[in-house]
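User: I would like to go through this model by asking what justifies each label that is put on it. Please set each value against its definition as we go.

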Amino acid sequence: MAPTFITLFLSVLLAGSAVVNAESHTIRFDNQCGKGTPTLIIGGHVVSNGSDFTSSGPASSGIAYLQTGQCLFNGENCALTEFTLGNPTCAGCGSSVDISLIPPHALNVPTAFSFFNGCDGQGASCSTPDCSTAFFKPDDNQVQVACQTDNVDLLITFCGGGSSSTPASTSSHRKCQLRAKPLLQ
Ligand SMILES: *[C@@H]1O[C@H](CO)[C@@H](O)[C@H](O)[C@H]1NC(C)=O
């Protein structure tokens, strides 16, 4: 049967709304360490070695670390950034990101993250092995940083100088110790 005007019209409409509503999230790395390979793993697969990765749909249960030689596949021995990027389908259940130093994870390089294209600059930064901005025990939930903006993107920075990530200070569910910006010369 030949498509009728109305079925054609409907499929154009549906295709259009699919494009408009397509969810995606980009994860970007800024490796300022001069060494190492950014490693991004989603669903047990390495999906990036440092270049931008863009999901179609949510990017759930992803991990990232800078492979500096000693990291095992899931980032053991290294600082782990853990994230779920997803458009909120209920109040407060959008994206969430954190840094984990729960053993066997350990700080190999200063690690920071921040959102962009939504919740701009909100994030966390950990540059010492005892920073207060990372998980050390499974109930350190205050270190998680959430964002409820659709299609938000994530920047992960290694060895940032302090000005490349600007943690937003005032979300009440966080108790992050914010790194002071270096004095401009
Ligand atoms: C990442 O690097 C590894 C080792 O060189 C390679 O096997 C893999 O294909 C790369 N993955 C991506 C997504 O580039």
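Analyst: In the hairpin of β2 and β3, two residues lie between the strands, and Gly43 takes a positive phi near 60°. This is a predicted model, in which local features need pLDDT of at least 70 and side-chain atom pairs count only at pLDDT 80 or more, while totals for chains, interfaces and linings use all residues. Residues are numbered from 1 along each chain as its sequence is written, and side-chain values use heavy atoms, with hydrogens and water left out.

User: What makes β2 and β3 a pair?

Analyst: Two strands pair if DSSP finds at least two bridges between them, and strands themselves are DSSP runs of E with at least two residues, helices being runs of H or I with at least four, numbered from the N terminus. Strand β2 (residues 37-42) and strand β3 (residues 45-48) have three bridges in the antiparallel sense, so the condition of at least two is met. In β3, His45 is the bridge partner of Ile42.

User: Which strands are the edges of the open sheet, and how do you know?

Analyst: The open sheet has five strands in the order β4-β1-β12-β8-β9, with mixed pairing. Its edge strands are β4 (53-56) and β9 (123-126), since each pairs on one side only. Strand β1 (residues 24-31) pairs with β4 in the antiparallel sense over four bridges, and the bridge partner of Ser24 in β4 is Ser56.

User: Why is Thr128 called partly exposed?

Analyst: Buried means under 20% relative accessible area and exposed over 50%, with partly exposed in between (1.4 Å probe, protein chains only). Thr128 has 37% relative accessibility, and therefore counts as partly exposed. Thr128 is placed in the loop between β9 and β10 (134-135), and its C-alpha lies 7.2 Å from that of Leu107, although the two are 21 residues apart in sequence. For the chain, buried residues make up 41% of the 185 residues.

User: What makes the atom pair between Asn49 and the ligand a polar contact?

Analyst: A polar contact is a pair of N or O atoms within 3.5 Å; within protein, one must be able to donate a hydrogen and the other to accept it, and residues adjacent in sequence count only if both atoms are side-chain atoms. A polar side-chain atom of Asn49 lies 2.3 Å from an oxygen atom of the ligand, so the pair falls within the 3.5 Å limit.
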